[in-house]
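Thank you all for coming. Today I would like to walk you through one protein model, slowly enough that anyone new to structures can follow along on the screen.

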Amino acid sequence: MAEEGLVTRVLPGLNAGLAPWSRGNVVAGLTVTAYLVPQVMAYATVAGLPAIVGLWATLPALVVYALMGSSRSLSLGPESSVALMTAAVIAPFALGDPQRYAALAAGLALAVGVLGVLGSVLRLSFVSDLLSRPVLVGYMAGIGILMIDGQLDAFFGIDTEGEALLEHLGQVITATPTASPVVVGLAAGTLGLLFLLAGWFPRLPGPLIAVVAASAAAAALGALGWSVPLVGAVPQGLPAPAVPTIPDAGLELFVLGAAGVALVGFTDTVLTGRAFREAGEHLDSATELRAMSAANVLTGFFQGMPVSSSGSRTALARASRATSQGYSLVAAACVLMVLLLVAPALSVLPRAGLAALVIYAAVQLIDIGEFRRLWRFSRIEFALAVVTCLAVVLVGILNGVLVAVGLSVLALLARVARPHAAALGFVRGVPGMHDVDDFTDVAEVPGLLVFRYDSPLFFANAHDFLTEARRMVADRQPGLRWFALNCEAVISIDSTAAEAFERLVGELQEQGLTVCLVRAKRELLEQLEPSGVLRAVGEQHIYPTLPTLVTEYRRRQSP
């Protein structure tokens, strides 16, 4: 029984009723395949790899997630942000050698997977919550801008060498007069067709139709004597398993880059899964971390690249009425047939067409509507999104990830460092005690200050806690007799805050006030035990509820 439980926990797909033969899963699998084949090939070129590597990475990712994932509709495989990060991580180590570059991409996938497995063992799946929504909006917008910049050479049929965004844009502007009209026309036509299909025929496999049309146009132009750069020779068959390459020199930087890829990939996977969660479906972040990690390990050994979730392919699966991850198995079978039977035909894909597909996907990442919503909701969150976007664009993807995490943590600290503080009183006709600032017809108990501080107490808000408590005490003098801290939101306390609280208790008692604790949880009392707070307050002044506090106060004040 224990073994069965372990298998169910590690391979939940086995008991999920995959049913790849069901009509909904077959239709969804075929539809997703038509969309993903050109898309993952394009993302491989974003990573600086041969287009076929995108398919090599997709095959194990689809199978592993079908068996190990917790979402019925999530699609795993190469994705835009991870592809761009892959290029940023391995380029300094490849030294311009294409073969070493491809081997390092597989090594990066392995490193991402191993770090994910380690994170799963250490139960670090909570890190998916480190990137707040505003930061993710800005991060994805920055990724979109960099993706567009990276495809401008192929889109215009020019050759530039600039790496930094501003430098490269300057070179593109300078080289624009030499751009190939044929290539630009082909790329622009493909991009226009993608937007047209998405707007008018959203259920059709737009990327497949657009890329097929671009290939036909390239063939026609070639017959007329116009040269259009193509993807070139594509190997047929499956990649041979091989031990991925891990660099010896600079290993620390390589691992740091892999950690950044793992964080972004895992966060994107969890957020995408939550966004498409169905009624009654439970998305488990620990299960998602195991699935993504295993997929990356396997794709590393099969000469692939790092993988993550795809929002567009997941949405397509849902729209096609996929009932389970059986659709991923159908898609994997289709990809397998493409690799075994159709791969050579992919060599006629024009690079400009793939560039248009990448730019189309990049535009979807720049969510102007979300920036507008953030502006209306909170200027601070809007600023977080803009700063994150600028950080990704100007200081690079990996540094942008660090900035994104740092900004998310700072935003959290800013909220809990200056939380709301309130005095509580009674409102006629409303049960319980309430914030006196929330009502006009409210009355505090004379001589009793019930002080509520809406945050755990720790070093960042210890001074604010003291300041707010002193202010409210001063506002009620003379005549104040008891000070009661409502610990409803104070679920924990660190040593800095405990020392500040002990100092406050001493000050208030010197003023002749009785200090009480009310609604304190057992864990908080255990944390306060080593300090002098509980001894100073006294066990007789620790109350389980507000009514018992008020009743006891009134009893003691009655003549």
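Let me start with a pair of charged residues: the side chains of Arg470 and Glu507 come together in a salt bridge, at 2.6 Å from N to O, where a salt bridge means a side-chain nitrogen of Lys or Arg within 4 Å of a carboxyl oxygen of Asp or Glu. This pair links distant parts of the chain, since Arg470 sits in helix 18 and Glu507 in helix 19 (residues 495-510), 37 residues apart. When I say helix or strand, I mean a DSSP run, H or I with at least four residues for a helix and E with at least two for a strand, numbered from the N terminus.

Before going further, please keep in mind that this is a predicted model, in which local features need pLDDT of at least 70 and side-chain atom pairs count only at pLDDT 80 or more, while totals for chains, interfaces and linings use all residues. Residues are numbered from 1 along each chain as its sequence is written, and side-chain values use heavy atoms, with hydrogens and water left out.

Are the two partners of that first salt bridge buried or exposed, or something in between? Arg470 is partly exposed, with a relative accessible area of 32%, and Glu507 is also counted as partly exposed, at 24%. The cut-offs here are under 20% relative accessible area for buried, over 50% for exposed, and partly exposed in between, with a 1.4 Å probe and protein chains only.

How many salt bridges does a search of the whole structure find? The search finds 12, and another of them joins the side chains of Arg471 and Glu468, at 2.8 Å from N to O. These two residues are 3 residues apart in helix 18 (residues 462-475), so about one helical turn separates them. An α-helix has 3.6 residues a turn, so residues three or four places apart point the same way. Arg471 is partly exposed at 40%, whereas Glu468 is buried at 19%, and Asp475 joins both of them in a network of salt bridges.

A similar arrangement can be seen in helix 22 (residues 546-557), where Glu552 and Arg555 lie 3 residues apart, about one turn of the helix, and their side chains meet in a salt bridge of 2.6 Å, N to O. In this pair Glu552 is buried, with a relative accessible area of 17%, and Arg555 is exposed, with 52%.

Let us now turn to helix 15 (residues 368-377), in which Glu370, Phe371 and Leu374 are buried. Why can we say that the buried residues line one face of this helix? Seen down the axis of helix 15, they fall within an arc of 105°, so they line one face, the arc being that of the directions from the helix axis to the C-beta atoms. These buried residues pack against helix 6 (133-156) and helix 16 (379-395), with contact meaning heavy atoms within 4.5 Å. On the face turned away from the buried side we find the exposed residues Arg372 and Arg376. At the N-terminal end, Asp367 acts as a cap, with a side-chain oxygen 3.3 Å from the backbone nitrogen of Gly369.

My next stop is strand 6 (residues 448-453), which is mostly covered, as 6 of its 6 residues are buried. Leu448, Val450 and Arg452 point one way from the strand, while Leu449, Phe451 and Tyr453 point the other way. Strand 6 pairs with strand 3 (residues 421-427) in the antiparallel sense over 4 bridges, and with strand 7 (residues 482-486) in the parallel sense over 5 bridges; two strands pair if DSSP finds at least two bridges between them. On the strand 3 side, Ala421 has Tyr453 as its bridge partner, and on the strand 7 side, Arg452 stands opposite Asn486.

Finally, in the loop between strand 7 and helix 19 we meet Glu488, which counts as partly exposed at 37% relative accessibility. Which residues does Glu488 contact, leaving aside its neighbours within four places in sequence? They are Arg452, Arg519 and Lys521, so to speak of Arg452 again brings us back to strand 6.

Definitions and conventions
A polar contact is a pair of N or O atoms within 3.5 Å; within protein, one must be able to donate a hydrogen and the other to accept it, and residues adjacent in sequence count only if both atoms are side-chain atoms.
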